[in-house]
Amino acid sequence: MNDFWIACGHHLLDRDESGGLCITDEFLKAYFARPELIPPDEACPVERRLHRALLASPRRPVSAEEIEAIVDADARENWRLVLAFRDLLVRHPTLEQAYLATVRSGTNDLPPLFVNQLVHVILRNALDGSDDPFVLRAAELFFRPQRILPQEQALLLGDEEVVGGQTPTPVLSLMSMLGVVTDAELDVLREDNADDYWRRSDHFDMAFDLTAGGRGPAALAQAMARWISHLLGIDVSIEPLHELRDARLTWYVGLDADATRLGDRLWHGEQLDDRSAGRVLSLFRLTFADTSAAADEMRGEPVYLILSMNADRKLRMKPQNLLTGLPVKHLEMAT
């Protein structure tokens, strides 16, 4: 069995009888040992002492007075955020329950970095045993912002951090035959190089083809179904659609902030102009395997999922919308 996303630290976590991820001291220590949390040379003795203490005992209570005693204001704020995240994980039986509690609360207390890291490791658990690199690459959209790459014949996505750090307009290695020269080259995940994903999964350096009718949208649909099943215990079927006009939006979920705004406009009967409609990247139809799981008014009706890019041609998916936006009767977690 191939392993993947090793850097998320899933191997440091325990699992309960239902398969949920249970926090361990080893996982917390790895967090406190991250380069971002190691005090710099100029850090005060209080911060250094706190860091040593947490490496030795990662669940150790930390008082507000200890944080206030740190000299550097930025360091104080960083420690407040990190310890709030630590306390959230320790407070719940599983990471899945911690994540659900956060997204259901409607608050935005956690920095996006921490939320994405939490999604990363939970999704690794949800996809455990998967042998399809296309599904795994599609799942990267859940926790890694993407950029739409220039290509006329296909809808190609590249990891924003990877391509953004190299050149603002990266091209793909498959375009080298056209004589294009660039500093940034990405391999598009294809059938003939899919096995390369396993050794590259922590690098996030393979582009993803989300062209309608291709394998990409179907792979993303599978990843979304696994996410919902793992966290809500609800089996759903998700199928890609080719056109926005194929949908009658009885109920819809925007998979990102821009898609939610576009869905709201359609819901209110507004006709989208070509520019707005062109931002829609993918459309999906979700149906419940057990219709009794859906809210009474939605029995037998599909839910439409909209994925779009923003004005800067970037995609920042919000996987929490799949959990909080579905018309289900009981939002109980499976794990």
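Here are a few exercises with worked solutions on this predicted model.

**Exercise 1. Place R124 in the fold, and work out whether it is buried or exposed.**

Step 1: find the element. R124 sits in helix α6, which covers residues 112–126.

Step 2: check the accessible area. For R124 the relative value is 3%. The cut-off for buried is under 20%, so R124, at 3%, counts as buried.

Step 3: look for polar partners. The side chain of R124 makes a polar contact of 2.8 Å with the side chain of D128. A polar contact of 3.4 Å also links the side chains of R124 and H10.

Step 4: widen the search to everything R124 touches. Skipping neighbours within four places in sequence, the contacts of R124 are D3, F4, W5, C8 and H10. H10 is on that list, and you've already met H10 as a polar partner of R124.

**Exercise 2. Describe how α6 and α10 pack, and say which residues make the contact.**

Step 1: recall what you need. Two packed helices are described by the angle between their axes and the distance between those axes.

Step 2: get those values. For α6 and α10, the angle is about 95 degrees and the axes are 9 Å apart.

Step 3: turn the angle into a word. Angles from 65 to 115 degrees count as roughly perpendicular, so α6 is roughly perpendicular to α10.

Step 4: list the residues. From α6 come V119, I122, L123, N125 and A126, while α10 brings R226, W227, H230 and L231.

Step 5: sort them by class. The contact has 6 nonpolar, 2 polar and 1 charged residues.

**Exercise 3. Work out the strand order of the open sheet of 4 strands, and find what packs on this sheet.**

Step 1: read across the sheet. The order is β8-β10-β11-β9, and the pairing is mixed.

Step 2: pick out the edges. These are β8 (236–241) and β9 (252–254), each of which pairs on one side only.

Step 3: check the twist. On average, neighbouring strands in this sheet are turned by 25 degrees against each other, ignoring direction.

Step 4: zoom in on one pair. β8 runs antiparallel to β10 (residues 280–288), with 6 bridges between them. In one of these strands, β10, F284 is the bridge partner of P240.

Step 5: add the helix. Helix α10 (residues 215–232) packs on the sheet and touches β8, β10 and β11 (303–308). The direction of α10 makes about 155 degrees with that of β8.

**Exercise 4. Which strands pair with β3, and are its residues buried or exposed?**

Step 1: start with β4. Strands β3 and β4 (residues 156–159) pair antiparallel over 4 bridges, and a hairpin of 6 residues joins β3 to β4.

Step 2: match up residues. L149 has L156 as its bridge partner in β4, and Q146 has D159.

Step 3: add β12. Strand β12 (residues 314–315) pairs with β3 in the antiparallel sense over 2 bridges. Here the bridge partner of Q146 is L315.

Step 4: look at the faces. In a regular strand, side chains alternate between the two faces of the sheet. In β3 (residues 146–149), Q146 and I148 lie on one side, R147 and L149 lie on the other, and all of them are buried.

**Exercise 5. Follow β4 to another strand, then describe the surroundings of D159.**

Step 1: find the strand. β4 and β7 (residues 206–209) run antiparallel and are joined by 2 bridges. Across from L156 you'll find D209 in β7.

Step 2: split β4 into its two sides. L156 and G158 point one way, L157 and D159 point the other way, and all are buried.

Step 3: focus on D159. This residue of β4 has a relative accessibility of 2%. Buried means under 20%, so D159 counts as buried.

Step 4: name its contacts. Leaving out residues up to four places away in sequence, D159 touches R137, R144, P145, Q146, G164 and F204.

Step 5: check for a backbone partner. A polar atom of the D159 side chain lies 3.2 Å from the backbone nitrogen of V162.

Terms used:
Residues are numbered from 1 along each chain as its sequence is written. This is a predicted model: local features need pLDDT of at least 70, side-chain atom pairs count only at pLDDT 80 or more; totals for chains, interfaces and linings use all residues. Side-chain values use heavy atoms; hydrogens and water are left out. Buried means under 20% relative accessible area, exposed over 50%, partly exposed in between (1.4 Å probe, protein chains only). A polar contact is a pair of N or O atoms within 3.5 Å; within protein, one must be able to donate a hydrogen and the other to accept it, and residues adjacent in sequence count only if both atoms are side-chain atoms. Contact means heavy atoms within 4.5 Å. Two strands pair if DSSP finds at least two bridges between them. Axes are lines fitted to C-alpha atoms, for helices over the stretch in contact, and angles run from 0 to 180 degrees between N-to-C directions. Angles under 35 degrees count as roughly parallel, over 145 as roughly antiparallel, 65 to 115 as roughly perpendicular and the rest as oblique. Ala, Val, Leu, Ile, Met, Phe, Trp, Tyr, Cys and Pro count as nonpolar, Asp, Glu, Lys and Arg as charged, and the others, Gly among them, as polar.
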